[in-house]
Structures are given as structure tokens and as C-alpha cells.
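Here is a set of short exercises to work through with the model open beside you. Try each task yourself before reading the solution.

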Amino acid sequence: MSNEEPPFRVRGFNHVALVCSDMRRTVEFYGGVLGMPLIKTIDLPDGMGQHFFFDAGGGNSLAFFWFPDSPAAAPGVAAPVTVPGFGEWISAIGSLNHVAFDVPADKFEEYRTRLKARGVKVAPIVNHDDSETQVAEHMHPGVYVRSFYFQDPDGILLEFACWLREFTPEDVRHAPRTAADRVRH
């Protein structure tokens, strides 16, 4: 790794902005169910809509726009249809596939149980490793992150994930693919 000063000192996300169909329902889910404090609300000028911000921890925010004239959701294009393991989860170029929230490893299973108790449908726990399937049936030292997926009321794919080890230079070993590598249909 280089000791050179990076061109930009990014400190995390200021905010990630998504679009919802019902701001009240969004506030109830992110504020009430997930416990993220609502930290800023804006009524956009000329009746264009609203923009609300939630504290996602660590100095990061999750924001939502509500536009009265938004097009309908486009699962399978602008977002996954469902959660991994339950169906199609590929989304279009330029879309948001999912938002993964970092949670403490020692609270991971408890948080899954809490979401289920609040009526949120959650996918099975996935132990991500470097095997051919990238999923371990049982925990082992090669599992680098544990996660589970769920959706918000608008079908936005969310994930609770916890890192289990530090990454090393050996974890960066794949050449990036290009547009020329895409499958032609």
C-alpha cells in the first residue's frame, strides 16, 4: 500500500439518498423499527416534495426523497425484485442494489431476532467466505462477513452485516471486468 496522500480524504458517507412512496411510513420504519434518529426534514420548494435525513451512525446519514409525481417502483430494473436466496436480485446499471448497515458482530443474531419480532421478513443468515459458492454452511476462520437481508416498506433491499476479520493485500486479487466482458443477449 502506498503512503501517498489520496486525492480526496473521504471520511465515509455524508448521506445516501433514496426515494420513497410514503414519507410517514418511511419514518415509521427507519425511525421506529430500525431506531435511526430523524435528524433533518425539508419541504422542497414549489411543492416538489420532501427530503428527510436519518442518522445511520458513525457520522453517516441515510436520506429519502418523497416526490408526489414519482414514477412507480421498477423491481428488476432500478432495484432487486427480492432478497438474495429468494429470487432475482440483479438490478440495472446505475441502480441501487442494496444498502448494507454495519452492525456489531456480538449483536448480529439478536438484531435479526428483533427485526423478526417487529414483523420484518428477514432472509437466512449468510456466512460469506471465499469458497466457490461464496457461502459457508458453518462458521470457520475464512468467513469474513456475516449478513442477512430484508426489505423496507418500498422494497428497498437492506442488509445487516458485520465484518469478522481485517482485510489484507491478499484479499484484493481479482482483475476488474470491463463492459466488453458483459454477456450479450
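**Exercise 1. Work out how β5 and β9 pair, and where β5 sits in its sheet.**

Solution. This is a predicted model, so every step below is about a prediction.

Step 1. Follow the directions of the two strands: β5 and β9 pair in the parallel sense, over four bridges.

Step 2. Pick out one residue pair: opposite V99 you will find L158 of β9.

Step 3. Now step back to the sheet. Five strands make up this open sheet, and their order is β5-β9-β8-β6-β7, with mixed pairing. Its edge strands are β5 (99–102) and β7 (135–136), each of which pairs on one side only.

Step 4. Sort the residues of β5 by face. V99 and F101 belong to the covered face, while A100 and D102 belong to the uncovered one.

**Exercise 2. Describe the pairing of β6 with β7, then find the helix that packs on this sheet.**

Solution. Step 1. Strand β6 (residues 126–128) runs antiparallel to β7, and two bridges join them. Here H128 stands opposite V135 in β7.

Step 2. The helix is α2 (residues 108–117), which packs on the sheet and touches β8 (145–151) and β9 (157–163). The direction of α2 makes about 10° with that of β8.

Step 3. Look at the loop between β6 and β7, where Q134 lies. Q134 is not a glycine, yet its phi is positive, at about 65°. For background, most residues other than glycine have a negative phi.

**Exercise 3. Lay out the four-stranded sheet and place its helix.**

Solution. Step 1. Write down the strand order of this open sheet: β1-β4-β3-β2, again with mixed pairing.

Step 2. Mark the edges. They are β1 (15–20) and β2 (38–43), and each pairs on one side only. From one strand to the next, the twist averages 20°.

Step 3. Add the helix. α1 (residues 23–33) lies across β1, β2, β3 and β4 (60–66). Relative to β3, helix α1 runs at about 5°.

**Exercise 4. Trace the hairpin of β2 and β3, residue by residue.**

Solution. Step 1. Start with the pairing: β2 and strand β3 (residues 50–57) are antiparallel and share five bridges.

Step 2. Read off bridge partners in β3. T41 has F52 as its partner, and I42 has H51.

Step 3. Turn to the connection, which has six residues between the strands. D46 is placed in this loop, and its phi is positive, near 60°, in a residue other than glycine.

**Exercise 5. Two residues, L44 and D46, have their place in the loop between β2 and β3. Is each one buried or exposed?**

Solution. Step 1. Recall the cut-offs: buried means under 20% relative accessible area, and exposed means over 50%.

Step 2. Apply them to D46. Its relative accessibility is 82%, so D46 counts as exposed.

Step 3. Apply them to L44. Its relative accessibility is 15%, so L44 counts as buried.

Step 4. See what surrounds L44. Leaving out residues up to four places away in sequence, L44 touches G49, Q50, H51, F65 and F67.

Step 5. Compare sequence with space for one more pair. L44 and W66 are 22 residues apart in sequence, and their C-alpha atoms are 9.5 Å apart.

**Exercise 6. Put together an overall profile of the protein: its elements, extent, burial, contacts and charges.**

Solution. Step 1. Count the elements: there are two helices and nine strands. Along the sequence they follow the pattern β-α-β-β-β-β-α-β-β-β-β.

Step 2. Take the extent. The C-alpha trace spans about 50 × 45 × 40 Å along its principal axes.

Step 3. Assess burial and surface. Of the 185 residues, 29% count as buried. The exposed area is about 12,800 Å², and carbon and sulfur atoms supply 55% of it.

Step 4. Look at the contacts. Among those with a separation of 6 or more, 48% come from residues 24 or more positions apart.

Step 5. Finish with the charges. There are 17 positive and 24 negative ones, and the mean positions of the two groups are 3 Å apart.

Definitions and conventions
Residues numbered from 1 in each chain as written. Predicted model: local features only at pLDDT ≥ 70, side-chain atom pairs only at ≥ 80, totals over all residues. Heavy atoms only, no water. Pairing = 2+ DSSP bridges. Axes fitted to C-alpha atoms, helices over the stretch in contact; angles between N-to-C directions. Contact = heavy atoms within 4.5 Å. Buried < 20%, exposed > 50% of the residue type's maximum accessible area, 1.4 Å probe, protein only. Areas by Shrake-Rupley, 256 points an atom, 1.4 Å probe, with all protein chains shown as cover. Lys, Arg positive; Asp, Glu negative; His and termini not counted. Charge placed at Lys NZ, Arg CZ, Asp CG, Glu CD.
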